[in-house]
Amino acid sequence: QVQLVESGGGLAQPGGSLRLSCAASGRIFSLNAMGWYRQAPGKQRELVATITNGDNTNYVDSVKGRFTISRDNAKNTVYLQMNSLKPEDTAVYYCNAGIYVSSTYYRNIWGQGTQVTVSS
């Protein structure tokens, strides 16, 4: 059983910071790209940031310069440092990862989500 467990969400004031973590556990042969998505009430889930296993990163325009995605392959963990938070960043944030559980068996896994609320 492979799973992703997120942590670090919560309440922040506008202009504040939060750091999200997502750890993969279980039968992991190797990790491919990992990423963060978010879904605000009444809206579709959207990509926030991704990072490949070669540390190439990609961000949605609305978070560029404010959010930083990183990963620690030794810990099978991906992070999202969120600075200069805005009320429009309020959403449930989901971790996603492409995981090989064997040399040939690939799975795309989602975490359970963590709430981020930006409000004064």
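Which residue in E8 is the bridge partner of Asp 72? The residue is Thr 77. The views below come from a predicted model.

**View 1. The whole chain is built from strands.** The protein chain holds 11 strands and 0 helices. Read along the sequence, the pattern is β-β-β-β-β-β-β-β-β-β-β. The radius of gyration is 14 Å, close to the 14 Å that the globule rule gives for 120 residues, so the chain is as compact as a globular protein of that length. Along the principal axes, the C-alpha atoms fill a box of roughly 45 × 25 × 25 Å. Of the 120 residues, 39% count as buried. The chain exposes about 6,300 Å². Carbon and sulfur atoms supply 45% of that area. Take the contacts with a separation of 6 or more: residues 24 or more positions apart account for 56% of them.

**View 2. Four strands form an open sheet.** The strand order is E1-E3-E8-E7, and the pairing is antiparallel. Strand E1 (3-7) and E7 are the edge strands. Each of these two pairs on one side only. From one strand to the next, the twist averages 15°.

**View 3. E7 and E8 pair at one edge of the sheet.** These two strands run antiparallel and are joined by 6 bridges. One pair to look for is Asp 72 with its bridge partner in E8, Thr 77.

**View 4. E1 pairs with E3 and has two unlike faces.** E1 and E3 run antiparallel, with 5 bridges between them. Val 5 has Ala 23 of E3 as its bridge partner. Leu 4 and Glu 6 make up the covered face of E1. Gln 3, Val 5 and Ser 7 make up the uncovered face.

**View 5. The largest nonpolar core has 31 residues.** Those with the most contacts inside this core are Trp 36, Leu 80, Met 82, Tyr 93 and Ile 99. Seven elements are to be located here: strands E3 (18-25), E4 (30-39), E5 (46-51), E7 (67-72), E8 (77-82), E9 (91-100) and E11 (114-118) each give two or more residues to the core. E9 gives the most, with 5 residues. In soluble globular proteins, nonpolar side chains tend to be buried together.

**View 6. Tyr 93 of strand E9 is a buried core residue.** Tyr 93 counts as buried because its relative accessibility is 0%, and the cut-off is under 20%. Where does Tyr 93 make contacts beyond its neighbours within four places in sequence? The contact residues are Glu 6, Leu 20, Trp 36, Tyr 37, Arg 38, Val 48, Phe 67, Leu 80, Met 82, Gly 113, Thr 114 and Val 116. Glu 6 also belongs to the covered face of E1. Ser 70 is 23 residues from Tyr 93 in sequence and 16 Å away in space, C-alpha to C-alpha.

**View 7. Ala 49 of strand E5 is buried.** Its relative accessibility is 0%. Ala 49 and Trp 36 lie 13 residues apart in sequence, with 5.4 Å between their C-alpha atoms. Neighbours within four places in sequence aside, Ala 49 is in contact with Met 34, Gly 35, Trp 36, Asn 58, Tyr 59, Ile 69 and Leu 80. Trp 36 and Leu 80 are among the residues with the most contacts inside the core. Both also appear in the contact list of Tyr 93.

Terms used. Residues are numbered from 1 along each chain as its sequence is written. This is a predicted model: local features need pLDDT of at least 70, side-chain atom pairs count only at pLDDT 80 or more; totals for chains, interfaces and linings use all residues. Side-chain values use heavy atoms; hydrogens and water are left out. A nonpolar core is a set of buried Ala, Val, Leu, Ile, Met, Phe, Trp, Tyr and Cys residues joined through side-chain atoms within 4.5 Å. Buried means under 20% relative accessible area, exposed over 50%, partly exposed in between (1.4 Å probe, protein chains only). Two strands pair if DSSP finds at least two bridges between them. Axes are lines fitted to C-alpha atoms, for helices over the stretch in contact, and angles run from 0 to 180 degrees between N-to-C directions. The radius of gyration is taken over C-alpha atoms; the globule rule is 2.2 Å times the number of residues to the power 0.38. Contact means heavy atoms within 4.5 Å. Accessible areas come from the Shrake-Rupley method with a 1.4 Å probe; for residues, only the protein chains shown count as cover.
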